[in-house]
Amino acid sequence: MTAHFAAFSFVDRITEFVAGSRAQGSFWVPGGVRAFPPCLVAEAVGQLAAWLAMSHVNFRGRPVAALATETRFEGEVLPGETLQLAVDIEDCDDDMVAYGGSAVVDGRRIIELEHCLGPMLPVQNFDAPDALRQRLELLRNEGAPRGRFQGVDPLESALIEHVPGKSWRATLDIPREAAFFADHFPRNPVFPATLLLDAQIRAAAQLVRQDRGQRFETPVASRMTHVKMRAFITPGQQVELGAAIANQDAAGARVMLSAQVAGKNVATARVEFRPGEPA
């Protein structure tokens with residue numbers, strides 16, 4: 001089994017496809033994976049939007065490194081459950097796609113994305129246009145075989161500085177080789193922005209947990225805003241992650257996130273946490 005359309009592909013079937021306008025689809029989270037974090041749910045919604053956008057421009061371009069005004073995390077999906085995905089295209093041309101979308105499981109809202117913007121870059125720089133056309137045809141008809149996704153091991157960051165109650169800095173080493181690069185992307189491997197955000201959220205949660213006491217023993221990310229990817233992160237690079245608590249009260253905490261490579265900003269975002277149920 002090749003990793004292409006398996007290692008980092010999160011649409012099994014497209015059940016509604018209105019050209020240039022909207023789409024619905026599904027993805028079954030294999031029962032054997034350890035977890036499917038919220039950022040991968042956002043990735044699944046973004047991938048459905050990408051199929052709609054690529055088709056609209058006849059596979060001349062594909063959206064890469066989207067900006068997201070607001071992402072609301074409203075629930076979790078467990079291994080063995082099926083995500084029902086939906087996207088609406090607000091605007092799309094050869095330069096960019098603007099969209100919103102959501103994912104639900106058995107009527108439970110898992111995630112909602114609002115006002116996402118993806119710059120469109122030449123498809124041939126990232127993947128074979130004909131392979132993408134054939135894949136879309138498969139997804140729109142009988143659907144792809146389920147269960148090919150084998151999971152993605154979370155990358156752990158190494159703490160380099162911690163100012164209690166205020167901030168932390170850590171390094172994240174991007175692997176030179178990983179199965180997900182076969183999907184993201186075959187001709188030009190790029191570290192997925194959603195995996196970067198997952199690492200940042202987990203590290204920020206640790207900061208909040210250490211600095212907020214018992215009430216925030218299990219902080220839960222509830223909302224992410226102002227996500228901006230400014231540059232690609234490539235295999236083998238080291239990323240310096242930063243987080244600073246912007247404000248906090250009994251109801252929650254807001255943390256400013258940043259990522260740098262060789263001293264240059266590559267990503268910024270804001271994430272909000274609410275208290276979770278004690279473990």
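These questions and answers cover the core and cavities of a predicted model.

Colleague: Which helix gives the most to the largest nonpolar core?
Modeller: That core has 85 residues. Those with the most contacts inside it are Phe36, Trp51, Leu83 and Leu196. With 13 residues, the top contributor is helix α1 (residues 38-56).

Colleague: Leaving aside neighbours within four places in sequence, which residues is leucine 196 in contact with?
Modeller: Leu196 is among the core residues with the most contacts. Its partners beyond four places in sequence are Leu172, Phe191, Met229, Ile233, Val239, Leu241, Ala259 and Ala267.

Colleague: What volume does the largest cavity have?
Modeller: The cut-off for counting is 30 Å³ or more, and two cavities meet it. The largest has a volume of about 720 Å³.

Colleague: Which element gives the most to the lining of the largest cavity?
Modeller: The lining has 46 residues, and Glu43, Gly46, Gln47, His184 and Thr194 are the closest to the centre. Elements giving two or more residues include β7 (108-122), α2 (129-140) and α3 (193-212). The top contributor, with nine residues, is α1.

Colleague: How many residues of that lining of the largest cavity are nonpolar?
Modeller: Five of the lining residues are charged and eight are polar. The nonpolar count is 33.

Colleague: How many charged residues are in the lining of the second largest cavity?
Modeller: This cavity has a volume of about 70 Å³. It is lined by 14 residues, with Ser9, Asp12, Pro145, Arg148 and Phe149 nearest its centre. Eight of the lining residues are nonpolar and two are polar. The charged ones number four.

Technical notes
Residues are numbered from 1 along each chain as its sequence is written. This is a predicted model: local features need pLDDT of at least 70, side-chain atom pairs count only at pLDDT 80 or more; totals for chains, interfaces and linings use all residues. Side-chain values use heavy atoms; hydrogens and water are left out. A nonpolar core is a set of buried Ala, Val, Leu, Ile, Met, Phe, Trp, Tyr and Cys residues joined through side-chain atoms within 4.5 Å. Buried means under 20% relative accessible area, exposed over 50%, partly exposed in between (1.4 Å probe, protein chains only). Helices (H or I, at least four residues) and strands (E, at least two) are DSSP runs, numbered from the N terminus. Contact means heavy atoms within 4.5 Å. On a 1 Å grid over the protein atoms alone, a cavity is a set of points where a 1.4 Å probe fits but cannot get out, and a pocket is an open set with protein on both sides within 12 Å along at least five of seven lines; lining residues have an atom within 4 Å of a point. Grid points are joined across faces, edges and corners, and a volume is the space filled by probe spheres set on the points. Ala, Val, Leu, Ile, Met, Phe, Trp, Tyr, Cys and Pro count as nonpolar, Asp, Glu, Lys and Arg as charged, and the others, Gly among them, as polar.
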